[in-house]
Amino acid sequence: MTQLTILRYPDPRLHTVAQAVTKVDAHVQTLVDDMLQTMYAAEGVGLAATQVDVHQRVIVMDVSEDRNQPLVLINPKIVWASDEKKINDEGCLSVPGIYDNVERPAVVTVEALDMDGNTQTYQADGLKSVCIQHEMDHLMGKVFVEYLSPLKRNRIKTKMIKQLKAD
Ligand code: NI
């Protein structure tokens, strides 16, 4: 397994729209393994392929306390979302140290392929729901700071550029 480099906002590659996976093969398996290792090493709850500069519709996540329940979503599609919305404090491995409120549907039903290429349906609420929606945004080239006001977003951008220069 290889630990991959996570792109950091405002890297323009984070705005790439991912392509659907045509076949869940050994390449995808390797990508998933590498993404899981990268996510666990960074202590994140979710990672989209976009964040490691691979523009395919692949998400890994683990919202369990013990960090032993990996979930892999390939070509995810939201088939139902609740009218009820919830505001959550979100963060992102591509925007380290920044947390802010984002409003999203509280509950979603998502359809995705698993590692065997079979379609699975998941209903998610709480952190899992937030994580699925946040990671699916990445696949569309959207970073959570884009939900914030332009003023806030510009402040974050400036801070991130300063941080990158200091690293
Ligand atoms: Ni993120």
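Which residues in α2 are buried? In this predicted model, the list takes in Ser129, Val130, Cys131, Ile132, Gln133, His134, Glu135, Met136, Asp137, His138 and Leu139. That makes 11 of the 14 residues, so to speak a mostly covered helix.

The helix itself checks out on length. Helix α2 covers residues 126–139, and with 1.5 Å allowed per residue its 14 residues should span 20 Å. The end C-alpha atoms turn out to be 21 Å apart, which agrees with that expectation. After α2 comes Gly141, and the phi of Gly141 is positive, near 85°.

Two of the buried α2 residues, His134 and His138, also turn up at the metal. The nickel ion is coordinated by NE2 of His134, NE2 of His138 and SG of Cys92, at 2.1 to 2.2 Å. Read along the chain, these donors follow the spacing C-x41-H-x3-H. Cys92 and His134 link distant parts of the chain, 42 residues apart: Cys92 belongs to the loop between β4 (85–90) and β5 (100–105), while His134 belongs to helix α2. Cys92 is buried, and His134 is buried too.

As for the rings, the structure holds 0 aromatic pairs. Tyr147 does have a charged partner, though: Lys142 lies over the face of the Tyr147 ring, at 4.0 Å from the ring centre.

How values were computed. Residues numbered from 1 in each chain as written. Predicted model: local features only at pLDDT ≥ 70, side-chain atom pairs only at ≥ 80, totals over all residues. Heavy atoms only, no water. Phe/Tyr/Trp six-rings, centres within 6.5 Å; stacked < 30°, edge-to-face > 60°. Lys NZ or Arg CZ within 6 Å of the ring centre and 35° of its normal. Helix = DSSP H or I, 4+ residues; strand = E, 2+ residues; numbered from the N terminus. Expected span 1.5 Å × (residues − 1). Buried < 20%, exposed > 50% of the residue type's maximum accessible area, 1.4 Å probe, protein only. Donors = N, O, S within 2.8 Å, 3.2 Å for Na, K, Ca; no water.
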